[in-house]
Amino acid sequence: MAALEEPKRPQNPYWLWLSDNREQLTKESGSGGVGAVGKLAGQKWKAMSDVAKKPYETKGADMSKEYAQKMADFVAAGGVKGKRRAQ
């Protein structure tokens with residue numbers, strides 16, 4: 001029998017958006033630096049309308065539900081929540 005592996009937490013809507021737009025943001029910031037890209041991304045995310053954020057929020061909610069189900073299955077199978085982080 002294979003060892004149980006704790007499911008990984010899903011990305012939140014901001015991180016989903018950032019992964020889709022990182023290349024463009026890197027070009028726009030003029031720097032590949034994490035700080036510059038992160039600052040620009042944060043500003044753009046805050047300025048986005050709720051309508052523009054909706055697809056990412058929906059996908060994030062779906063991923064969270066899937067994660068909750070996988071975690072429930074993991075715990076029901078005898079897994080210990082948080083053990084992976086403790087190692």
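# A guided tour of a four-helix chain

Begin with the whole chain shown as a surface: its accessible surface comes to about 6,500 Å², and 54% of that area belongs to carbon and sulfur atoms. Keep in mind throughout the tour that this is a predicted model.

Next, switch to a cartoon view and follow the chain from its start, where you will meet 4 helices and 0 strands, arranged along the sequence in the pattern α-α-α-α. The radius of gyration of the chain is 17 Å, well over the 12 Å that the globule rule gives for 87 residues, so the chain is more spread out than a compact globule. If you turn the model along its principal axes, the C-alpha atoms fill a box of roughly 50 × 30 × 20 Å.

Now colour the residues by burial, which will pick out 25% of the 87 residues as buried. With contacts displayed, and counting those between residues at least 6 apart in sequence, you will find that 65% join residues at least 24 apart. If you then colour the charged residues, there are 16 positive and 10 negative charges, and the mean positions of the two sets are 5 Å apart.

For the next stop, select Tyr14, Leu16, Trp17, Leu18, Leu25, Val37, Leu40, Ala41, Trp45, Met48 and Tyr56, which together form the largest nonpolar core, with 11 residues. Two elements, α1 (13–29) and α2 (34–47), each give two or more residues to this core, and α1 gives the most, with 5 residues.

Stay in the core and centre the view on Leu25, one of its members. Which residues does Leu25 touch, once those up to four places away in sequence are not counted? Show the side chains of Trp17, Leu18, Val37, Leu40, Ala41 and Lys44, since these are the residues that Leu25 touches.

Finally, move along to Gly79, which you will find in the loop between α3 (50–76) and α4 (83–86). Is Gly79 buried or exposed? Its relative accessibility is 15%, and because buried means under 20%, Gly79 counts as buried. To see what surrounds this glycine, leave aside its neighbours within four places in sequence and select Leu4 and Phe74, with which Gly79 is in contact. Then add Glu6 to the selection and draw a distance between the C-alpha atoms: Gly79 and Glu6 are 73 residues apart in sequence, while in space they are 7.2 Å apart.

How values were computed:
Residues are numbered from 1 along each chain as its sequence is written. This is a predicted model: local features need pLDDT of at least 70, side-chain atom pairs count only at pLDDT 80 or more; totals for chains, interfaces and linings use all residues. Side-chain values use heavy atoms; hydrogens and water are left out. The radius of gyration is taken over C-alpha atoms; the globule rule is 2.2 Å times the number of residues to the power 0.38. Buried means under 20% relative accessible area, exposed over 50%, partly exposed in between (1.4 Å probe, protein chains only). Contact means heavy atoms within 4.5 Å. Accessible areas come from the Shrake-Rupley method with a 1.4 Å probe; for residues, only the protein chains shown count as cover. Lys and Arg count as positive and Asp and Glu as negative; His and the chain ends are not counted. The place of a charge is taken as NZ of Lys, CZ of Arg, CG of Asp or CD of Glu. A nonpolar core is a set of buried Ala, Val, Leu, Ile, Met, Phe, Trp, Tyr and Cys residues joined through side-chain atoms within 4.5 Å.
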